[in-house]
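Below are some notes for a colleague who wants to read this structure with the coordinates open alongside. The points go from the chain as a whole to particular helices, ring pairs and backbone details.

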Amino acid sequence: MDRHLRLNRRVSLAGLLTAALLATPLIAATTPAAAQPSAQGAPALIPQPTSQHALPNQTFTLQPWSIVGIDSSAKESRAAKKVADQLTAQLRRSTGYKLPVLPVLPGFADIRLSTNGPASLGAEGYQLRAERSRLTVTAATPEGLYRGVTTLRQLLPAKADARTRQAGPWKIAGTTISDSPRYAYRGAMLDVSRHFFSVAEVKRYIDLISLYKLNKLHLHLSDDQGWRIQVDSWPRLTTYGGSLEVDGTPGGSYTKAQYKEIVQYAADHYLTVIPEIDTPGHTNAALASYAELNCDGVAPPLYTGTDVGFSSLCVAKDITYKFLDDVFREVSQQTPGDIVHLGGDEAHSTPHTDYQTFIPKAASSITKQHKRVMGWQEIGDTDLPPGSIAQYWGTDDEGSQELARKAAAKGATVVMSPANRAYLDMKYDENTPYGQDWAGLVDVKTAYDWNPATLVPNLPEKAVAGVEAPIWTETLDNLDKLEYMAFPRLPGIAELGWSQASAHNWETYKVRLGAQGSRWDALSVNFYRAPEIDWR
């Protein structure tokens, strides 16, 4: 680098440092000692990192004059800056500090965010080092950088996630972390069909689940009670089929612009949206919207109850497959991710031979859009295209387990969502005010204390793609109820997907989980204060 360029850059940065110091009050220096929290470290981290080591006598302190520096290639600089901007936007709210983000030489940054790490870190891996003089997050990709930043946020005091300015100091105990995920698929499913959730509410859910390193958002967009995504070639799906929800209250749907907004917001949080159009059952909203989709040509009324298994597309009609082609084409065109979910569960009104005919035809409507097929475990009993994913939702019953094994034998991978462990709408105990109990009562330990690799006997470990935590909304009609049922159980599922099997330990996990309570308070999360957890 030219000598004069180096000199000018140093002068410019020195001036910026001085300006930041003069413009920002020294909150940390004036905070009473009694109000100072101890630095938070490893005990609060969820998911548990692959490895972490303390650096004694090396405490990093975020200061009013701190600078966040980006070290990335030209190709990745915009994405890396977006990660830095998301971090600093939150920290500016809670600390009141300026925290400028600059593409500076590494030596000038108090927090250095780098995407120039070794390729061996993989797409989501990262390294973090907090020492007295600097905090560094290094990854090989912007996605890995984002995962590291979620760890950085948990290392800070919980009130760093507050929406309003708080008193410091903002300390992180000296530590080194090297981390990468166990499974490539780590998801959460949100049912917006039984009860509709607005774009803002979906964004709020994205904010919360992305804190725990999930990377898939499965949206259940159609069911008996409502159709929630615009399809131009079949407009009554939303105008009529999306007009109501459970209990007959007004429903809703997403325009293409709104769906695009959700997809982009999820992508900004490194979550890939997987849209689900449930077929051949769970289709009353579609059947009510278009009489020609029914075998008898008669449209049923809209349905606002909670029964399942009574509806079916007409497998013998050609128009059914035109409908599927149109719907999956338009949905795929709006979805950058490579997976589309065709449902396939609880098709009790579809004769089995018809079901076996239907699923391959529905799958072809997806594969011709160059997407991979995903479906509930029942699709394991049909012919499947290469790259398919079966979603296990059984409750330890042999029939469900055999479907998972069949799917794997046909080359599919399996995402683990056991209803008696991972379904977040199951009641915690008999006193839980909402939720269901058909799969049993699922307390926090039950949701955490299982191994995805061994849950289904004789399912090859290599066939397990990962985990997903679904939340069905028959009884959940607002965001407060949704958060109450998801937290504190969702972080446990996230840890099963990210952390190595050797890290699995209920006794240590429940201590780390308890430490999340103050962070959820700062985030205004309406979480269930499970009595088995010490929410210190």
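1. The burial of one aromatic residue is a convenient place to begin, bearing in mind that this is a predicted model. Phe 196 has a relative accessibility of 18%, and because the cut-off for a buried residue is under 20%, Phe 196 counts as buried. Tyr 254, with a relative accessible area of 1%, is buried as well.

2. These two residues also form a ring pair, one of the 23 aromatic pairs that a search of the whole structure finds. The ring centres of Phe 196 and Tyr 254 are 4.8 Å apart and the planes meet at 45°, so the pair is classed as tilted. Phe 196 belongs to the loop between strand S10 (185-191) and H5, while Tyr 254 belongs to the loop between helix H6 (236-239) and H7, so the pair ties together parts of the chain that are 58 residues apart in sequence.

3. A further pair is made by Tyr 448 and Trp 506, whose ring centres are 6.2 Å apart with the planes at 45°, so this pair is tilted. It links distant parts of the chain, since Tyr 448 is in helix H13 (residues 444-448) and Trp 506 is in helix H16 (residues 506-515), 58 residues apart. Both Tyr 448 and Trp 506 are buried.

4. Beyond these pairs, Tyr 212, Phe 487, Trp 520, Phe 527 and Trp 535 are joined by ring pairs into a cluster. Phe 487 deserves a second look on the backbone side, for a cis peptide bond joins Phe 487 and Pro 488, with omega about 25°. Pro 488 lies in the loop between helix H14 (479-486) and helix H15 (490-498).

5. Another cis peptide bond runs from Ile 46 to Pro 47, and here omega is near 0°. Pro 47 is placed in the loop between helix H2 (27-30) and strand S1 (51-54).

6. Two residues other than glycine call for attention on account of a positive phi, namely Lys 213, where phi is near 65°, and Glu 346, where phi is near 50°. Lys 213 is found in the loop between H5 and S11, and with a relative accessibility of 1% Lys 213 counts as buried. Glu 346 is found in the loop between strand S15 (339-343) and helix H10 (352-367), and Glu 346 is buried too, with a relative accessible area of 17%.

7. Which helix and strand elements do the buried residues of H7 pack against? The buried residues in question are Tyr 259, Ile 262, Val 263, Ala 266 and Asp 268, and their partners are helix H3 (77-95), helix H4 (142-155), helix H5 (199-209), strand S11 (216-220) and strand S14 (272-279). As for geometry, the 13 residues of helix H7 (residues 256-268) should span 18 Å at 1.5 Å a residue, and the end C-alpha atoms are 18 Å apart, which agrees. H7 is followed by Tyr 270, whose phi is positive, near 55°.

8. Helix H9 (residues 318-333) can be checked in a similar way, as its 16 residues reach 23 Å from the first C-alpha to the last, close to the 22 Å expected at 1.5 Å a residue. The buried residues in H9 include Tyr 321, Phe 323, Leu 324, Val 327, Phe 328 and Val 331, and among them are also the acidic residues Asp 326 and Glu 330.

9. Two charged side chains are placed over aromatic rings. The charged end of Lys 159 sits over the ring of Trp 170, 5.7 Å from the ring centre, and the charged end of Arg 236 sits over the ring of Tyr 240, 4.6 Å from the ring centre.

10. Turning to the chain as a whole, there are 17 helices and 19 strands. The radius of gyration is 25 Å, close to the 24 Å that the globule rule gives for 536 residues, so the chain is as compact as a globular protein of that length. Along the principal axes, the C-alpha atoms fill a box of roughly 80 × 50 × 45 Å.

11. Of the 536 residues, 58% count as buried, and the chain exposes about 20200 Å², of which carbon and sulfur atoms supply 53%. Among contacts between residues at least 6 apart in sequence, 77% join residues at least 24 apart.

Methods: Residues numbered from 1 in each chain as written. Predicted model: local features only at pLDDT ≥ 70, side-chain atom pairs only at ≥ 80, totals over all residues. Heavy atoms only, no water. Helix = DSSP H or I, 4+ residues; strand = E, 2+ residues; numbered from the N terminus. Expected span 1.5 Å × (residues − 1). Buried < 20%, exposed > 50% of the residue type's maximum accessible area, 1.4 Å probe, protein only. Contact = heavy atoms within 4.5 Å. Phe/Tyr/Trp six-rings, centres within 6.5 Å; stacked < 30°, edge-to-face > 60°. Lys NZ or Arg CZ within 6 Å of the ring centre and 35° of its normal. Rg over C-alpha atoms; globule rule 2.2 N^0.38 Å. Areas by Shrake-Rupley, 256 points an atom, 1.4 Å probe, with all protein chains shown as cover.
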